[in-house]
Amino acid sequence: MTYDVIIVGGGLAGLTSAIHLSKKGLSVLLIEKNDYPKHKVCGEYISNEVLPYLDALGFNPFDFGAKKIDYFTLSTAKSKSISTKLPFGGFGISRYCMDWELAKLAIQNGAEILQEKVIDIQFENNQFTVFTHEDKQFSSEIVIGSFGKRSNLDIQMNREFIQKPTPFLGIKAHYKGDFPDDAVALHNFDGGYCGISKVETNLVNVCYLTDYKAFKKHKNIEDFQKNVLSKNSHLKEIFESFEMTFENPLTISQVSFSSKQPVENHVLMCGDSAGMIHPLAGNGMSMAIRAAQMASMKVLKFKSKEIESRAELEKQYTQIWNQEFSSRLKSGHIIARLFRLGLFSELIMVFLKAFPFILPHVIKSTHGKPMKPEL
C-alpha cells in the first residue's frame, strides 16, 4: 500500500506528526512496535511552551488530569538545594496516558496505526519502501523517523552516533508519596541525576539516569538506590518513605547523547531519533513535539510544491532543526558536565544561592519560546 507519509515510531514526535498531517488531509501510516497504552522511561515533565500547538492539534493535557507545575528544585549530590519559579511553567502527565490519548486522536483524524516492528527502510527512485517483521511492505514519498533513542534501524542506516560509547542507563517507576503537585525536582547523585514530579494519577514519577559502570558495581537497582542515590538526603527520603506501584522499575540501557543528524538516508528524524538533551536540563518531550511541528510543516510545503525538491526539503529541515535545538543541546551538555564535577558542582550551587536570579536564565537556555499554533 502507498501513503503520503509513513511515520516510523509512535512516541510523542511520531504521534503529533500523525495528527498534524492527517488533519491536513494527507494519508498517514504510523508504525509502532509496541501497543498503547504503555509506560516508558521518561521524566514526564513538559514545558508549557508546547501548549498552543497541542491546543491547535485538539489535545489539552489538563482534560486528562495533567498537573500544573510552576516550581523547580535543584540539588547537588551533597544535598545542597535551591528552588525557583519556572520561567514558563510546565505540566506533569504520564506517557502511559499522553501517548494513548494522542494515538486515539490520530486515528480520529484519519491516520492509520499499525503495531509492528520495522526492520528496514529502503529509498530508491525517489520513493521509500518500509518493511516490517510480518513481511509487509509499504510505500511513501516521505518517511519520518521517530523511533527513539536507539534502534536497530540506526544500525541498519549505519548512523555515526551508533559507533560511539553509550555509557548511560535510565531507570523509572511511579510511587505513592507526599510530593507537591506543582513542583518538579532534579536531584544529583554520584554518577547521575534523578527527576521527580507528579502525574495525572496523583502518583510520583521518579526517573533517573546513571553511568552504567557505576551501576554495575551494585547487586541490583534497590542496592544501587540505597547506597548511591540515597547519599543525597532528598532522594533518601523518597526511597525510604515512598511506595513503588510498579511491580519492577522500567529500565533502558545504551542511552547516548552523541550528536545525530536530523536527516539520514533521506528520512526526516524527529524527537530522540534526531537528538537528545540531557535529562538534567529537562525538556526533551517539548523538543520532540516542536520537532514534529517543524517536520510536518515542511512536509506539507513539499507536498504542495512550495518546496520544489527533496534536496531543498532536507536542507530546510536541517537548517530549522539546528537553529531551534543546537544551542539547547549544547547548554544541556555543559550543564550536565558541570554537575558531574563533584566539588565544583557544590561551588556552583553556592554561587546560585548567592545569585538566585541566574537560575531562571539557565533554565531558559534549555527551553524554547512558546510554540505558535501553526498547522
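Which residues do ring pairs link into a cluster? In this predicted model, the cluster comprises Phe189, Tyr208, Tyr212, Phe215 and Phe224. The structure as a whole holds twelve aromatic pairs. One of them joins Phe123 and Phe128 in a tilted arrangement, with 4.7 Å between the ring centres and 55 degrees between the planes. The two partners are assigned to separate accessibility classes: Phe123 counts as partly exposed because its relative accessibility is 28%, whereas Phe128, with a relative accessible area of 0%, is buried.

A further pair, formed by Phe189 and Tyr208, is edge-to-face, with a centre-to-centre distance of 5.9 Å and an angle of 85 degrees between the planes. Phe189 belongs to strand E11 (residues 183-189) and Tyr208 to strand E13 (residues 204-211), so the pair ties together parts that lie 19 residues apart in sequence. Both Phe189 and Tyr208 are buried. An aromatic ring also takes part in a contact with a charged residue: Lys85 lies over the face of Tyr71, at 5.1 Å from the ring centre.

A search of the whole structure for enclosed space yields two cavities of 30 Å³ or more. The second largest cavity has a volume of about 40 Å³. Its lining is made up of Glu32, Asn34, Asp35, Tyr36, Lys38, Lys40 and Asp99. By residue class, this lining divides into five charged, one polar and one nonpolar.

Tyr36, one of the residues lining that cavity, also precedes a cis peptide bond, which runs from Tyr36 to Pro37 with omega near -10 degrees. Pro37 is placed in the loop between strand E2 (28-32) and strand E3 (45-47). According to an unreviewed UniProt entry, residues 4-37 are covered by the annotation "domain: FAD dependent oxidoreductase". In the model, the span of residues 4-37 is 35% helix and 29% strand, and its end C-alpha atoms lie 26 Å apart.

Backbone geometry was also examined for positive phi values in residues other than glycine. Asp135 has a positive phi of about 60 degrees and is found in the loop between strand E8 (127-132) and strand E9 (137-145). With a relative accessibility of 74%, Asp135 counts as exposed. Lys305 likewise has a positive phi, near 70 degrees, and lies in the loop between helix H8 (284-303) and helix H9 (310-338). The relative accessible area of Lys305 is 62%, and Lys305 is therefore classed as exposed.

Note on methods:
Residues are numbered from 1 along each chain as its sequence is written. This is a predicted model: local features need pLDDT of at least 70, side-chain atom pairs count only at pLDDT 80 or more; totals for chains, interfaces and linings use all residues. Side-chain values use heavy atoms; hydrogens and water are left out. Rings of Phe, Tyr and Trp (its six-membered ring) pair if their centres lie within 6.5 Å; planes under 30 degrees apart count as stacked, over 60 as edge-to-face and the rest as tilted. Buried means under 20% relative accessible area, exposed over 50%, partly exposed in between (1.4 Å probe, protein chains only). Helices (H or I, at least four residues) and strands (E, at least two) are DSSP runs, numbered from the N terminus. A charge sits over a ring if NZ of Lys or CZ of Arg is within 6 Å of the ring centre and within 35 degrees of the ring normal. On a 1 Å grid over the protein atoms alone, a cavity is a set of points where a 1.4 Å probe fits but cannot get out, and a pocket is an open set with protein on both sides within 12 Å along at least five of seven lines; lining residues have an atom within 4 Å of a point. Grid points are joined across faces, edges and corners, and a volume is the space filled by probe spheres set on the points. Ala, Val, Leu, Ile, Met, Phe, Trp, Tyr, Cys and Pro count as nonpolar, Asp, Glu, Lys and Arg as charged, and the others, Gly among them, as polar. UniProt positions are given in the numbering used here, feature names are shortened, and annotations may be inferred rather than shown by experiment.
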